[in-house]
2 protein chains.
Amino acid sequence: MSAQAVKTAITPTRAENYNEWYQKVVRASDMAELSGVRGCQILKAWGYGIWEQMQRDLDHRFKETGHENYYFPLYIPLSYFAREAEHVDGFAKEMAVVTHHRLKKVDGKLVPDGELEEPLVIRPTSETIIGESMSKWIKSYRDLPLLLNQWANVSRWEMRPRILLRTTEFLWQEGHTAHETQEDAMRETRQMLEVYRSFCEDVLAVPVIPGEKIAAERFPGAVNTFCIEAMMQDGKALQAGTSHYLGHAFAKACNIQFQNRDGNLAYVHTTSWGVSTRLLGAMVMTHADDNGMRTPPRVAPWQVVIIPVLRNDADKAAVLDYCEELKADLLTSTYEGEPVRVKTDLRDMPGGDKRWDWIKRGAPLIVEIGPKDIAQRQVCVTRRDNLSAGKSFEDRANFSGNIGHVLSAIQKSLFDQALTFQKTRTVTNIKDWAAFEAYFSKDADSSFTSGQGFVRAKWCGDADSLAKLDALAVTVRCIPFDQDGKEGVCVLTGKPATQEVIFARAY
Amino acid sequence: MSAQAVKTAITPTRAENYNEWYQKVVRASDMAELSGVRGCQILKAWGYGIWEQMQRDLDHRFKETGHENYYFPLYIPLSYFAREAEHVDGFAKEMAVVTHHRLKKVDGKLVPDGELEEPLVIRPTSETIIGESMSKWIKSYRDLPLLLNQWANVSRWEMRPRILLRTTEFLWQEGHTAHETQEDAMRETRQMLEVYRSFCEDVLAVPVIPGEKIAAERFPGAVNTFCIEAMMQDGKALQAGTSHYLGHAFAKACNIQFQNRDGNLAYVHTTSWGVSTRLLGAMVMTHADDNGMRTPPRVAPWQVVIIPVLRNDADKAAVLDYCEELKADLLTSTYEGEPVRVKTDLRDMPGGDKRWDWIKRGAPLIVEIGPKDIAQRQVCVTRRDNLSAGKSFEDRANFSGNIGHVLSAIQKSLFDQALTFQKTRTVTNIKDWAAFEAYFSKDADSSFTSGQGFVRAKWCGDADSLAKLDALAVTVRCIPFDQDGKEGVCVLTGKPATQEVIFARAY
């Protein structure tokens, strides 16, 4: 490639200004935009369409593992929240509070009226309100395990919102389960983390590192928090999903007791686990390039977009017919056992503009059809995972017959690129504080070009030693499950240490 | 049937206490229950499972008619709401208002803190916040029509909540569209009403009367409100869905203008339309009987439930194997072009209790399998639409091969029963006020047994005449689309009138 500046669809580029690039891609891809309501976003057609595919896939996995969907109230009475001390402390600073139930006009101005006896919190998470129901529904060990999931909006008041990643309201699912024994609950906690790992890697093409959070990073109220951590293109970490073993914390707070097999009353062991629309942001920061989003085929609302290229009215009927035939061909093909999702873009705008529109959204395959293609029985294909390869011309029948394989190849290519990036940006040879400090001392804002990423190193577990990380804005992301088990030296204290952890800056 | 009391699964029966019967059915069917949060409900596995089937079917219809899903913020700034005077007047008395964004502890007690500069309303409906986006997104006639839908929770503060039918928070979909011309917008409004009519009748097996609301009953801000009205088993009406032509009301309030084909700025014409989880309540009040819910096959989470009847451990393996084989057989069959939804109930409880549990939920077909059935290669079937027919024994292969037809027959039977009821309880021979008053003068609480229902009669359109209805708690439900067009006499005023309307008490 020449050193000359290449024109890109997104300005600025990642290298020029990573944060602004991110916002521009989200907007240009028609995924989302910030609303006029502070910290709240609008999910647009392409973004919500991806979320629908994600929901469908996850929901299937939850049902396959025995969970049923419920829906619990948005409003949580303050008194419910107050039951678990750590939990309320963890969320008190970011809760939207409803205090009135109507409006009235005073001097022509609308003001809140009808003050509530007890204020209601908009759920930031639902352990307390679901716990309230569990305490009523669970009587005996025969009622266990109770395996629930909820698809819902939640709210955490954000002072520094970032679209898709951190907004005052977001969509998620939250699983909540109750079990007879710690062993059962822990098996569930780990099983759901594995569901998330597989979903992120196999469906979103986002490689993740599964592991456990250190005590300082646990969910408020949890005994153990497990997580999957992904690496963004600026080398920062993003927590992509969490699964918590909650022990007896909420069982005691909400009085969830059952008659066990010995006939005695006992507290259940609960778990909770969730992923959210922030995964849309994780996909952008993993897969997008300087021309916009690249959407993994498995979650692309449209896997193939057909664009009729009409130069004059005389061509129109023939081109549109050919497009319809191609679409019909493709609809008889399958990808991952399902019909291929194909759209013909009939909007009233030039074909070239349409092509760039779908490049920015990241449709996996963009097919342009003009009069010449009809004569040749061919299709003009752009593969979004490798845009620099340009357009290729393919025999129509071959293209249709082979579509499942090509979509699989794109899915794999996106994952492989991301995995290579994650491996390249993970360093394992930092053994002491001086090297650690030097590595993270570069300005965090230039991290796309600085080459910073994850440091995988030994840590002795001394909680006080974490204070050293503050100045670098670095945190311990997780204790990965795959440990080398070797004796070593803690990078923070120089003391002997066996446990490896991932250090990184994070979203 | 003998005059002797028949034991029923639901106590009281419809005849004994209709309102209490309704609540008991909702609870016993595992569809929903009221939560500890005032006026809010919990949708449980069976109820939410039906809602999922409804969503899937409706969502497909919306996409087929060109709509895309978006998601807009839960929070609406007070100032957005104030823009449309009728709209805010219509909703001001039932809005939850967020005034603070965190909690703090004062003397050990949690209290709201961080007062917002501008209070936020929890959306009761989203015309104003979606209008705000439409005003940014729409520039030219090329951007029209804009066809959006949103699946969301909404909140309307309820002083007299009734489970599923009227709760402080509920789930719904709201379509919002913008068009170049009144004609286009009106076509959309009527098209979506027809989608709802077909969905209610063909999928939920709930017959409805489509028509237009009179001015007094319009959505706040609408020019025309169209609706479908269903009849419950106590003869009361339930508005099952609405579709509004909003004219320029929100276009002007939110400043949604576009450059038209003549190059001039013009206001768009908007529509909105919605159905909600109250349709779950409508189905209960249409289909349930004194033994619980009867769920239409098209929305039943499980269309066939297989219950192994185990009398001793020796039988167990053989019975469970036979159940699995039966399930495998059924999964190769289709109903409405999709695999049959089959569940084997493996819970640790007696087979008879399970059967009654599924009767109360209203699984369309309940199949019991014991050792004797294996020997006979048969199945023991309960058809929930006709419980008084009892159990029947059928050849296993016949049962599996014929399953699609049987489910179709159940779907049709539920609709036919409901339609017969609606026709029987609609009177068309009331011609004057004396007869009208006599018809509705019986106590509303005894309406299940009183035989009251819909009065289809002429009304002259005089708004003042409606005051006469107040004492009877009757309203005009709609002006049905199918009019006889004949000259007649207004039942309220005795004046000449051509227009027929439906009068009824309503939920």
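Start by selecting residues 169–179 and 269–276 of chain A: these are strands β8 and β14, and they pair in the antiparallel sense over 8 bridges. Keep in mind as you go that this is a predicted model. For a landmark inside the pair, click A:Gly175; its bridge partner in β14(A) is A:Trp273.

**Out to the whole sheet**

Now widen the selection. β8 and β14 sit in an open sheet of 11 strands in chain A, with mixed pairing. Walk across the strands in this order: β3-β7-β8-β14-β11-β10-β9-β24-β27-β23-β22. Where does the sheet stop? The edge strands are β3 (68–69) and β22 (426–427) of chain A, and each of them pairs on one side only. If you turn on hydrogen bonds, remember that strands of a sheet pair through those of the backbone, either parallel or antiparallel.

**A pair of helices**

Next, pick α2 (45–64) of chain A together with α6 (residues 182–203) of the same chain. Their axes come within 11 Å and cross at roughly 145°, and the crossing is right-handed. Show side chains for A:Asp57, A:Leu58 and A:Arg61 on α2(A), then for A:Val195, A:Phe199 and A:Val203 on α6(A); these residues make the contact. Color them by type and you'll get 4 nonpolar, no polar and 2 charged.

**Over to chain B**

Time to bring in the second chain. How many residues does each chain put into the contact? Chain A gives 46 and chain B gives 46. On the chain A side, the elements that give two or more residues include α2, which you've just visited, along with β3 and β8 from the sheet. Also on that list are β5 (97–106), β6 (109–122) and α5 (127–137). Zoom in on β5(A), as the largest share of this side, 7 residues, comes from there. By type, the chain A side divides into 28 nonpolar, 8 polar and 10 charged residues.

Stay on β5(A) and add β5 (residues 97–106) of chain B: 3 bridges join the two strands, which run antiparallel. Click A:Val98 and look straight across, where B:Val98 of β5(B) stands opposite.

**Last stop: the axis**

Finally, superpose the chains. Chain A can be laid on chain B with an RMSD of 0.0 Å by a turn of 180° and a shift of 0.0 Å along the axis. The two copies are therefore related as by a two-fold rotation axis. Which C-alpha of chain A is nearest the axis? That of A:Val98, 2.0 Å from it. The same surface serves both copies, with 100% of the contact residues of chain A recurring in chain B.

Methods
Residues numbered from 1 in each chain as written. Chains lettered and ligands numbered in written order. Predicted model: local features only at pLDDT ≥ 70, side-chain atom pairs only at ≥ 80, totals over all residues. Pairing = 2+ DSSP bridges. Helix = DSSP H or I, 4+ residues; strand = E, 2+ residues; numbered from the N terminus. Contact = placed C-beta atoms within 7 Å. Nonpolar A, V, L, I, M, F, W, Y, C, P; charged D, E, K, R; others polar. Axes fitted to C-alpha atoms, helices over the stretch in contact; angles between N-to-C directions. Left-handed = near helix turned anticlockwise from the far one by under 90°. Least-squares fit on C-alpha atoms with pLDDT ≥ 70 in both.
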